[in-house]
Amino acid sequence: KQGFLLRKCTVEADGRKTPLGKRGWKMFYASLKGLILFMHKKPKTEEDIPEEEEYRYERQVYTEDIRNSISIHHSLASKATDYKKRPNVFRLRTAEWRIFLFQASDQEEMQDWMTMINLA
Ligand code: I3P
């Protein structure tokens, strides 16, 4: 499963709220392989694009972002019914109790991501 996802961090591994300034929504190209949700980001500058690690999706260049990739082993995805500001948002709680919100492009995509993550 792969596709664009907007991500917002809300709770860190230490159980604390993600600090202000790091709570914004950020676009990633995500791909679920095994038990890792690999994240790919748009590089800030052309020089940040390593030739061999270049990914192109929908005419945009996205490079692998190991730091933001997430282990989904023992994690749980569920619809963020209490989050009303945006549609098609699901919550991901990881084994270390980090919490992320992800906004998918539509309801079907959201359902698909939740199913794939929870069945992985
Ligand atoms: C955050 C950004 C998010 C917002 C978050 C802000 O600021 O505006 O969009 O979340 O609110 O802290 P920053 O970009 O400086 O990190 P919402 O879109 O959910 O409102 P929050 O602190 O209430 O999570």
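## Contacts and the model

Two residues are in contact when heavy atoms of theirs lie within 4.5 Å of each other. By that rule, and leaving aside neighbours within four places in sequence, serine 75 is in contact with Leu92, Arg93, Thr94, Ala95, Ile117 and Asn118. The structure is a predicted model.

## Overall layout

The protein contains one helix and nine strands. Along the sequence these elements follow the pattern β-β-β-β-β-β-β-β-β-α.

Of the 120 residues in the protein, 39% are buried. The accessible surface comes to about 7,600 Å², and carbon and sulfur atoms account for 50% of that area. Among contacts with a separation of 6 or more, 49% join residues that are 24 or more positions apart.

## Serine 75

Serine 75 sits in the loop between strand E6 (70-71) and strand E7 (76-79). Is this residue buried or exposed? Serine 75 counts as buried because its relative accessibility is 11%, and the cut-off for buried is under 20%.

The side chain of serine 75 also has a polar partner: one of its polar atoms lies 2.7 Å from the backbone oxygen of isoleucine 72.

## The nonpolar core

In soluble globular proteins, nonpolar side chains tend to be buried together. Here, the largest nonpolar core has 19 residues, and those with the most contacts inside it are Leu37, Phe90, Leu92, Phe102, Trp113 and Ile117. The elements that supply two or more residues each are strands E1 (2-11), E2 (26-33), E3 (36-41), E8 (89-93) and E9 (99-103), together with helix H1 (107-119). Helix H1 provides the largest share, four residues.

Phenylalanine 90 shows how one core residue meets distant parts of the sequence. Leaving aside neighbours within four places in sequence, phenylalanine 90 is in contact with Leu5, Ala77, Ser78, Lys79, Ala80, Phe100, Leu101, Phe102, Met110, Trp113, Met114 and Ile117.

## Strand E9 and its partners

How many of the five residues of E9 are buried? Five of the five are, and the strand is mostly covered. Ile99, Leu101 and Gln103 are buried on one side of E9, while Phe100 and Phe102 are buried on the other, which leaves both faces covered.

Strand E9 pairs with two other strands. With E1, the pairing is antiparallel and runs over five bridges; lysine 8 stands opposite leucine 101 of E9. With E8, the pairing is again antiparallel over five bridges, and leucine 92 stands opposite phenylalanine 100 of E9. E8 and E9 form a hairpin with five residues between them. In that turn, tryptophan 97 has a positive phi of about 65°.

## The ligand site

Which residues surround the ligand? They are Lys8, Leu20, Gly21, Lys22, Arg23, Gly24, Trp25, Tyr83 and Lys85. Lysine 8 is thus found beside the ligand as well as opposite leucine 101 in the pairing with E9.

Three of the surrounding residues have polar atoms placed close to oxygen atoms of the ligand. For glycine 21, a backbone N or O atom lies 3.3 Å from a ligand oxygen. For glycine 24, a polar backbone atom is 3.2 Å from an oxygen atom of the ligand. For tryptophan 25, the atom belongs to the side chain, and its distance from a ligand oxygen is 3.2 Å. On its own the ligand has 500 Å² of accessible area, of which the protein covers 56%.

Terms used
Residues are numbered from 1 along each chain as its sequence is written. This is a predicted model: local features need pLDDT of at least 70, side-chain atom pairs count only at pLDDT 80 or more; totals for chains, interfaces and linings use all residues. Side-chain values use heavy atoms; hydrogens and water are left out. A nonpolar core is a set of buried Ala, Val, Leu, Ile, Met, Phe, Trp, Tyr and Cys residues joined through side-chain atoms within 4.5 Å. Buried means under 20% relative accessible area, exposed over 50%, partly exposed in between (1.4 Å probe, protein chains only). Two strands pair if DSSP finds at least two bridges between them. A residue is near a molecule or strand if one of its heavy atoms lies within 4 Å of it. A polar contact is a pair of N or O atoms within 3.5 Å; within protein, one must be able to donate a hydrogen and the other to accept it, and residues adjacent in sequence count only if both atoms are side-chain atoms. Accessible areas come from the Shrake-Rupley method with a 1.4 Å probe; for residues, only the protein chains shown count as cover.
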